[in-house]
Amino acid sequence: PVGEGRRLDILVAEDNEVNQLVFTQILGETGYSFEIVGNGRKALEACFRLKPRMILMDVSMPEMNGLEATGEIRRQEEAQGTHVPIVGVTAHALKGDRERCIEAGMDDYLPKPISPKALAEKVERWLGGKAHAQRRA
């Protein structure tokens, strides 16, 4: 649970229960706060309610996919002058996937199956690591 006045570090949008567990296990060891939602529509709602410092966005989800949700977040951010880093997570590590993510407005890309090392690297890259956080505190 995120305390008052503390922003959520990571919002994870992922509909697959197995992958939700994987994210929970890996992120649980990082010390960052995180919340997992099950589809793009919920990601959109959570993004504006929780103001996460970064979003891990599954590309293929029911109701609203990650590309649509990202587009919507970017449109709303334009009006507000904000920008949250969004990392697209996709099972289709095909050529052109990364480009599709970037075109949709995502900042980065993470292929599935999720490797703890790759996930940790993305989190470090976009949140600047824990050492950083402690220096600022």
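The legends below accompany several close-up views of this single-chain structure, which is a predicted model.

**View 1. The chain as a whole, with its helices and strands.**
In this predicted model, the secondary structure of the chain comes to six helices and five strands. Read from the N terminus on, the elements follow the order β-α-β-α-β-α-β-α-β-α-α. The chain has 137 residues, and buried residues make up 44% of them. Among the contacts in the chain with a separation of 6 or more, 60% are between residues 24 or more positions apart.

**View 2. The open sheet of five strands.**
As general background, the strands of a sheet pair through backbone hydrogen bonds, and the pairing can be either parallel or antiparallel. Here five strands form an open sheet in the order β2-β1-β3-β4-β5, with parallel pairing. Strands β2 (34-37) and β5 (108-111) stand at the edges and have a single partner strand each, so one side of each is left without a neighbour in the sheet. Neighbouring strands of this sheet are turned against each other by 20 degrees on average, if direction is ignored. Strand β1, made of residues 10-13, pairs with β2 in the parallel sense over four bridges, and within this pair Ala 13 stands opposite Val 37 of β2.

**View 3. Two helices that pack on the sheet.**
Helix α3 (residues 66-80) packs on the sheet, where it touches β3 (54-58) and β4 (86-90), and its direction makes about 150 degrees with that of β3. Helix α5 (residues 116-127) also packs on the sheet, touching β1, β3, β4 and β5, and the direction of α5 makes about 165 degrees with that of β5.

**View 4. Helix α2, from its cap to the residue that follows it.**
Asn 39 caps the N-terminal end of α2, with a side-chain oxygen that lies 3.0 Å from the backbone nitrogen of Arg 41. Within the helix, which spans residues 40-50, the buried residues are Gly 40, Ala 43, Leu 44, Ala 46, Cys 47 and Leu 50, and what covers them includes β1, β2, β3 and α3. Cys 47 counts as buried because its relative accessibility is 5%, which is under the limit of 20%. After α2 comes Lys 51, in the loop between α2 and β3, and Lys 51 has a positive phi of about 45 degrees although it is not a glycine. Most residues other than glycine have a negative phi.

**View 5. The nonpolar cores.**
The largest nonpolar core has 21 residues, of which Leu 11, Ile 55, Met 57, Ile 73 and Ile 86 touch the most other members. The elements that give two or more residues to this core are β1, α2, β3 and α3, and α2 gives the most, with five residues. Leaving aside neighbours within four places in sequence, Ile 73 is in contact with Leu 44, Cys 47, Phe 48, Ile 55, Met 57, Val 84 and Ile 86. Another core, of 15 residues, lies apart from the largest one, and Val 12, Val 87, Leu 110 and Leu 127 are among its members.

**View 6. Glu 14, a buried residue in a loop.**
Glu 14 has its place in the loop between β1 and α1 (17-28), and with a relative accessibility of 0% Glu 14 counts as buried. A polar atom of the Glu 14 side chain lies 2.9 Å from the backbone nitrogen of Asn 16. Not counting residues up to four places away in sequence, Glu 14 touches several others, including Phe 23, Val 37, Asp 58, Met 61 and Lys 112.

**View 7. Arg 75, an exposed residue of helix α3.**
Arg 75 is found in helix α3 and is exposed, with a relative accessible area of 52%. The side chain of Arg 75 makes a polar contact of 3.0 Å with the side chain of Glu 72. Although Arg 75 and Gly 105 are 30 residues apart along the chain, their C-alpha atoms are separated by 9.7 Å.

**View 8. Backbone details in two loops.**
Most peptide bonds are trans. The peptide bond from Lys 112 to Pro 113, however, is cis, with omega near -5 degrees, and Pro 113 lies in the loop between β5 and α5. In the loop between β3 and α3 lies Glu 63, whose phi is positive, near 70 degrees, and which counts as exposed at 58% relative accessibility.

Key:
Residues are numbered from 1 along each chain as its sequence is written. This is a predicted model: local features need pLDDT of at least 70, side-chain atom pairs count only at pLDDT 80 or more; totals for chains, interfaces and linings use all residues. Side-chain values use heavy atoms; hydrogens and water are left out. Two strands pair if DSSP finds at least two bridges between them. Axes are lines fitted to C-alpha atoms, for helices over the stretch in contact, and angles run from 0 to 180 degrees between N-to-C directions. Contact means heavy atoms within 4.5 Å. Buried means under 20% relative accessible area, exposed over 50%, partly exposed in between (1.4 Å probe, protein chains only). A polar contact is a pair of N or O atoms within 3.5 Å; within protein, one must be able to donate a hydrogen and the other to accept it, and residues adjacent in sequence count only if both atoms are side-chain atoms. A nonpolar core is a set of buried Ala, Val, Leu, Ile, Met, Phe, Trp, Tyr and Cys residues joined through side-chain atoms within 4.5 Å.
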